[in-house]
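Work through the exercises below with the model in view. Try each task before reading its solution.

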Amino acid sequence: MRIALRWLIAFALLAATYNPTQYNWLHWSVQNHRDQLPLIVLSGLILLIGYIIFMRATLRSIGPFGMALVLALIAALLWVLYDFGWLSLENQAVNLWLGLIALSLVLGVGLSWSHIRRAISGQADMDDVDE
């Protein structure tokens, strides 16, 4: 359940920054940069902090190769769904949502990797051991 929560937080971070609707930080900041610049800067810094937390944890846990591997696995899954005719890539908004889901899965796996590895192998990381 915690892994799903981490993925949902990663998805919310990415979707809050940009998505195909008008309800995202990028659209809001472009439309209101003259009137609400302090709030735009504050919210942008909060988003940046979220990205730093997720990226740092992901890079430390699975590294760039692991990130590429998770993304390749998701891309292969999408390819299979497309090849079987279960997925259409005609709608650009749907493609963007799929990209957000894929990137959030990479970040969610990266943030949860210690828990996933412990569940699979039964071994605890040094960070998990009580003193």
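A crossing is left-handed if the near helix is turned anticlockwise from the far one by less than a right angle, and right-handed if clockwise. Helices (H or I, at least four residues) and strands (E, at least two) are DSSP runs, numbered from the N terminus.

This is a predicted model, where local features need pLDDT of at least 70, side-chain atom pairs count only at pLDDT 80 or more, and totals for chains, interfaces and linings use all residues. Residues are numbered from 1 along each chain as its sequence is written, and side-chain values use heavy atoms, with hydrogens and water left out.

**Exercise 1. The overall picture**

Task: State how many helices and strands the protein has, and give its span along the principal axes.

Solution:
- Start with the elements. There are five helices and zero strands.
- Read them in order. The pattern along the sequence is α-α-α-α-α.
- Take the extent next. The C-alpha trace spans about 55 × 50 × 25 Å along its principal axes.
- Turn to burial. Buried means under 20% relative accessible area, exposed over 50%, partly exposed in between (1.4 Å probe, protein chains only). Of the 131 residues, 26% count as buried.
- Finish with contacts (heavy atoms within 4.5 Å). Among contacts with a separation of 6 or more, 63% join residues 24 or more positions apart.

**Exercise 2. H1 against H3**

Task: Find how H1 and H3 cross, and give the hand of the crossing.

Solution:
- Fix the method. Axes are lines fitted to C-alpha atoms, for helices over the stretch in contact, and angles run from 0 to 180 degrees between N-to-C directions.
- Read the geometry. The axes of H1 and H3 come within 11 Å and cross at roughly 140 degrees.
- Classify the angle. Under 35 degrees counts as roughly parallel, over 145 as roughly antiparallel, 65 to 115 as roughly perpendicular and the rest as oblique. H1 is therefore oblique to H3.
- Give the hand. H1 passes H3 in a left-handed crossing.
- Name the contact. H1 supplies Arg-6, Ile-9, Ala-10, Leu-13, Leu-14, Ala-16 and Thr-17, and H3 supplies Leu-47, Gly-50, Tyr-51 and Phe-54.
- Sort by class. Ala, Val, Leu, Ile, Met, Phe, Trp, Tyr, Cys and Pro count as nonpolar, Asp, Glu, Lys and Arg as charged, and the others, Gly among them, as polar. The contact of H1 with H3 has eight nonpolar, two polar and one charged residues.

**Exercise 3. H1 against H5**

Task: Describe the crossing of H1 (residues 2-17) and H5 (residues 92-121).

Solution:
- The axes come within 8 Å and cross at roughly 140 degrees.
- H1 and H5 are therefore oblique to each other.
- H1 passes H5 in a right-handed crossing.
- The contact residues of H1 include Ile-3, Trp-7 and Phe-11, and those of H5 include Trp-97, Leu-100 and His-115.
- By class, the contact of H1 with H5 divides into 14 nonpolar, four polar and one charged residues.

**Exercise 4. Inside H5**

Task: Locate the kink in H5, and say what covers the buried residues of H5.

Solution:
- The bend at a residue is the angle between axes fitted to the seven residues ending there and the seven starting there. H5 has a kink of about 65 degrees, centred on Ser-112.
- Ser-112 is also one of the buried residues of H5, a list that includes Leu-100, Gly-108 and Ile-116.
- The cover over the buried residues of H5 includes H1, H3 (37-61) and H4 (63-83).

**Exercise 5. H3, H4 and Thr-58**

Task: Work out how H3 and H4 pack. Is Thr-58 buried or exposed?

Solution:
- H3 and H4 pack at an angle of about 100 degrees, with axes 6 Å apart.
- They are therefore roughly perpendicular to each other.
- Met-55, Thr-58, Leu-59 and Ser-61 of H3 meet Gly-63, Pro-64 and Met-67 of H4.
- That contact of H3 with H4 divides into four nonpolar, three polar and no charged residues.
- Thr-58 is buried, with a relative accessible area of 0%.
- Leaving out residues up to four places away in sequence, Thr-58 touches Gly-63, Met-67, Val-106, Leu-107, Gly-110 and Leu-111.

**Exercise 6. Two partly exposed residues**

Task: Place Leu-78 and Asn-91 in the structure.

Solution:
- Leu-78 lies in H4. Its relative accessible area is 25%, so Leu-78 is partly exposed.
- Beyond its neighbours within four places in sequence, Leu-78 is in contact with Leu-87 and Leu-98.
- Asn-91 sits in the loop between H4 and H5. At 42% relative accessibility, Asn-91 is partly exposed.
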